[in-house]
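Got the viewer open and a hand on the mouse? Let's take a walk through this one, stop by stop.

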Amino acid sequence: MWLSEKDASDVLSVNERTLEVLREKGFLKPGCHWRSSNDPTQLPWKPKVFYQIGGCREVIEYLHSN
């Protein structure tokens, strides 16, 4: 299931900034854990990001346990 950044942060119980940092640090991989909106009105400047909840949850749980 792919959710918006706001909805993903609510479901995963982390804030939106945490998701952004995990992306920037490479823990969340493009195409697998997140993707950018393909809305042409948002490109190329800061398009909305959507997250694949199952994959993101696995990464976050792994990071919490280690």
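What follows is a tour of selections to make, with a note on what each one shows.

**Stop 1: the whole chain**

Before clicking on anything, keep in mind that this is a predicted model. Show the chain as a cartoon and color it by secondary structure: you should find 3 helices and 3 strands. Starting at the N terminus, the order of elements is β-α-α-β-β-α. If you color by burial instead, 32% of the 66 residues come out as buried. As for how the chain folds back on itself, take the contacts between residues at least 6 apart in sequence: 53% of them join residues at least 24 apart.

**Stop 2: the sheet**

Now select the strands. In what order do the 3 strands sit in the sheet? The order is 1-3-2, in an open sheet with antiparallel pairing. Strand 1 and strand 2 (34-36) are the edge strands, each pairing on one side only. Look along the sheet and you can follow its twist, which averages 30 degrees from one strand to the next.

Zoom in on the pairing of strand 1 with strand 3, which is antiparallel and runs over 3 bridges. Pick W2 and look across to strand 3: its bridge partner there is Q52. Do likewise with S4, and you land on F50 in strand 3.

Then go to the other side of strand 3. Strand 2 is joined to strand 3 by 3 bridges, and these two strands also run antiparallel. One pair to click on is S36 and V49, with V49 being the partner in strand 3.

**Stop 3: the two faces of strand 3**

Show side chains along strand 3 (49-52). In a regular strand, side chains alternate between the two faces of the sheet. Which side chains of strand 3 are buried? V49 and Y51 are, and they point to one face; F50 and Q52 point to the other face and are not buried.

**Stop 4: helices across the sheet**

Bring helix 1 back into view. Helix 1 lies across strand 1 and strand 3, at about 110 degrees to strand 1. Add helix 3 as well: helix 3 also lies across strand 1 and strand 3, running at about 75 degrees to strand 3.

**Stop 5: helix 1, up close**

Select the buried residues of helix 1, which are A8, S9 and L12. Look down the helix axis: these residues cover an arc of only 100 degrees, so they sit on the same side of helix 1. What covers them? The cover includes strand 1 (2-4), helix 2, strand 3 and helix 3 (53-65).

Step just past the end of helix 1 and click on S13, where phi is positive, at about 60 degrees.

**Stop 6: where helix 1 meets helix 2**

Show helix 1 (residues 5-12) together with helix 2 (residues 16-24). Two packed helices are described by the angle between their axes and the distance between those axes. Here the angle is about 100 degrees and the axes are 8 Å apart. Helix 1 and helix 2 are therefore roughly perpendicular to each other.

To see who is touching whom, select E5, K6, A8, S9 and L12 on the helix 1 side, then E16, L19, E20 and R23 on the helix 2 side. Color this contact by residue type and you get 3 nonpolar, 1 polar and 5 charged.

**Stop 7: helix 2 and its two arginines**

Stay on helix 2 and select its buried residues, L19, L22 and R23. They too span an arc of only 100 degrees around the axis, which puts them on the same side of helix 2. Among the elements covering them are helix 1, strand 2, strand 3 and helix 3.

Now center on R23 in helix 2. Is R23 buried or exposed? Its relative accessible area is 19%, so R23 counts as buried, the cut-off being under 20%. Leaving aside residues up to four places away in sequence, R23 touches E5, L28, W34, V49 and Y51.

For the last click, go to R17, also in helix 2. R17 has 46% relative accessibility, so it counts as partly exposed. Try a distance label from R17 to E5: they are 12 residues apart in sequence, and their C-alpha atoms are 9.5 Å apart in space.

Conventions:
Residues numbered from 1 in each chain as written. Predicted model: local features only at pLDDT ≥ 70, side-chain atom pairs only at ≥ 80, totals over all residues. Heavy atoms only, no water. Axes fitted to C-alpha atoms, helices over the stretch in contact; angles between N-to-C directions. Helix = DSSP H or I, 4+ residues; strand = E, 2+ residues; numbered from the N terminus. Parallel < 35°, antiparallel > 145°, perpendicular 65-115°, else oblique. Contact = heavy atoms within 4.5 Å. Nonpolar A, V, L, I, M, F, W, Y, C, P; charged D, E, K, R; others polar. Buried < 20%, exposed > 50% of the residue type's maximum accessible area, 1.4 Å probe, protein only. Arc of directions from axis to C-beta. Pairing = 2+ DSSP bridges.
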